[in-house]
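Q: Could we go through this structure together, beginning with charged side chains and ending with the ligand?
A: Certainly; please put the questions in whatever order suits you.

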Amino acid sequence: MARLAQTAGLTDVQQEILSTVRDFVDKEIIPVATALEHKDEYPQEIVDGLKELGLFGLMIPEEYGGLGESLLTYALCVEEIARGWMSVSGIINTHFIVAYMLKQHGTQEQKDTFLPRMALGEVRGAFSMSEPGLGSDVSAITSKGVKDGDEYVLNGQKMWLTNGGTSTLVAVLCRSDEGHPEGTAPHKSMTTFLVEKEPGFGEVRPGLTIPGKIDKMGYKGVDTTELIMDGLRIPANRVLGGVTGRGFYQMMDGVEVGRVNVAARGCGVAQRAFELGVSYAQQRHTFGKPIAAHQAIQFKLAEMATKVEAAHAMMVNAARKKDSGERNDLEAGMAKYLASEYCKEVVEDAFRIHGGYGFSKEYEIERLYREAPMLLIGEGTAEIQKMIIGRRLLEEYRFQG
Ligand SMILES: Cc1cc2nc3c(=O)[nH]c(=O)nc-3n(C[C@H](O)[C@H](O)[C@H](O)COP(=O)(O)OP(=O)(O)OC[C@H]3O[C@@H](n4cnc5c(N)ncnc54)[C@H](O)[C@@H]3O)c2cc1C
């Protein structure tokens, strides 16, 4: 077992789950990840394997057919999976956020309808806040849901949906003015709609179009799409929680657990970069000795390993805080910020250790180099994390003078 990123105090069940996932990653993901990524191919066999392991239902309560595990267990599994291939962790992440939002905020009927099928991976979740004109500034959303009898009519364009094509249930955040007079604060006039759809591209349901995959620099294999709503009719019982005006808070709750998840991804990618760097440094010789024997390279390895350890500790702390029932926005923001920045730095150092070969597509580090930047952006940029952290610190350390 690797020396870095150990987690103290895990139960036997947690250790067993993690060891199964690690084994799956080593045997089924790492050997094929780079080839699939270069072809931008959806990893169907890997996804089927994850379904069999029950990972789509890891945090869904047992009464709905899931494993009922904690956020910590989930995050540690995500860390392992991202060590193999970050895109695969992206496939389960939006699913997990939607399942979490249903568990926390859904009506009983919504939970009964979706959670058992989500636990099996039959229904697959995506979540959609971003639009072409906004990402950080969620309050500026322009997509709209207007009540019409027993239904809502949705219009607008969404952007950057991870799993937009492969999902069958999308949690879409829209402005809804029903019951909220003109001038109501944006945060109180948004609603999450649960939009069921067929997988695929084109018109997947009357009034709903998924145009096609966005061509990305990295994070390939997993589909990222736009979503266009043009007179999309949604029954009133598909308003998350049954009441309009709560969407902003529901989404922010989902994103908060998503941030622990992105931190975990950063930890996994950084660990893999360290493994690649430390291995290459002992094989490559310059000036008569392995480059690992040059102090400059040893220092790099020391810095990389320290960052891997620090990010892991913060991620575990943030997950445990949420599991204990406490508010964890400060810890999740810090963990996401630190883990994504460190991930980028560790990957860059591993890339440098590889010299010219790091620039070749034959070496895995080339893929990691294109994947790491996504973590600086997804679930809120570094600047947004710092805003959250700063605000919370001023609440905690209010001047008493
Ligand atoms: C591959 C990928 C997958 C994604 N998947 C999803 C998904 O599944 N669902 C979804 O809803 N979204 C998704 N997103 C969107 C993502 O959440 C946004 O890209 C992100 O929140 C940033 O928004 P933006 O791109 O509009 O940048 P902007 O908000 O336009 O920000 C541009 C720059 O300005 C900075 N900035 C903005 N406001 C401030 C401020 N107040 N103070 C200081 N600096 C500021 C930002 O930090 C950034 O550096 C995805 C994005 C990518 C790239």
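**Aromatic pairs, charges and ligand contacts**

Q: Before the aromatic rings, what sort of model is it?
A: The model is predicted.

Q: Fine. How many aromatic pairs does the structure hold?
A: The structure holds 7 aromatic pairs. One of them is formed by F351 and Y369, with 4.5 Å centre to centre and 35 degrees between the planes, and this pair is tilted.

Q: Where do F351 and Y369 lie along the chain?
A: F351 is in helix 8, residues 329-353, and Y369 is in helix 9, residues 364-371. The two are 18 residues apart, and the pair links distant parts of the chain.

Q: And is F351 buried or exposed?
A: F351 counts as buried, because its relative accessibility is 17%, under the 20% limit.

Q: What about Y369, how accessible is that one?
A: Y369 has a relative accessible area of 34% and is therefore partly exposed.

Q: Which residues make up an aromatic cluster?
A: Y280, Y357 and Y363 form one aromatic cluster.

Q: Switching to charges: how many salt bridges does a search of the whole structure find?
A: The search gives 32 salt bridges. One of these joins E364 to R272, where the closest N and O atoms are 2.7 Å apart.

Q: Which helices does that pair tie together?
A: E364 lies in helix 9 and R272 in helix 6, residues 247-283, so the salt bridge ties together parts that are 92 residues apart in sequence.

Q: Are E364 and R272 buried or exposed?
A: Both E364 and R272 are buried.

Q: Which residues are linked in a network of salt bridges?
A: E364 and R272 belong to such a network, along with R22, D26, E80, R83, E275, R367 and E371.

Q: Back to helix 9: what do R370 and E366 do there?
A: Their side chains meet in a salt bridge of 2.7 Å, N to O. R370 and E366 both lie in helix 9, 4 residues apart, which is about one turn of the helix. Both R370 and E366 are buried.

Q: Which residue forms a salt bridge with D329?
A: The partner of D329 is R327, and their closest N and O atoms are 3.0 Å apart.

Q: How do D329 and R327 rate for accessibility?
A: D329 is buried, with a relative accessible area of 14%. R327, at 46% relative accessibility, counts as partly exposed.

Q: Then E341: where is it, and what is the nearest side chain of opposite charge?
A: E341 lies in helix 8. The nearest side chain of opposite charge is K344, 4.0 Å away, yet E341 is buried and has no salt bridge.

Q: What is E341 in contact with, leaving aside its neighbours within four places in sequence?
A: With those neighbours left aside, E341 is in contact with L376 and A382.

Q: New topic, the ligand: which residues come nearest?
A: There are 16 residues around the ligand, and S130, S136, W160, T381 and E383 come nearest.

Q: Which backbone atoms lie by an oxygen atom of the ligand?
A: M129 has a backbone N or O atom 2.8 Å from an oxygen atom of the ligand. For G135, a backbone N or O atom lies 3.0 Å from an oxygen atom of the ligand.

Q: And where is a nitrogen atom of the ligand relative to W160?
A: A polar backbone atom of W160 is 2.9 Å from a nitrogen atom of the ligand.

Notes. Residues numbered from 1 in each chain as written. Predicted model: local features only at pLDDT ≥ 70, side-chain atom pairs only at ≥ 80, totals over all residues. Heavy atoms only, no water. Phe/Tyr/Trp six-rings, centres within 6.5 Å; stacked < 30°, edge-to-face > 60°. Buried < 20%, exposed > 50% of the residue type's maximum accessible area, 1.4 Å probe, protein only. Lys, Arg positive; Asp, Glu negative; His and termini not counted. Contact = heavy atoms within 4.5 Å. Near = heavy atom within 4 Å. Polar contact = N/O pair within 3.5 Å; in protein donor to acceptor, adjacent residues only side chain to side chain.
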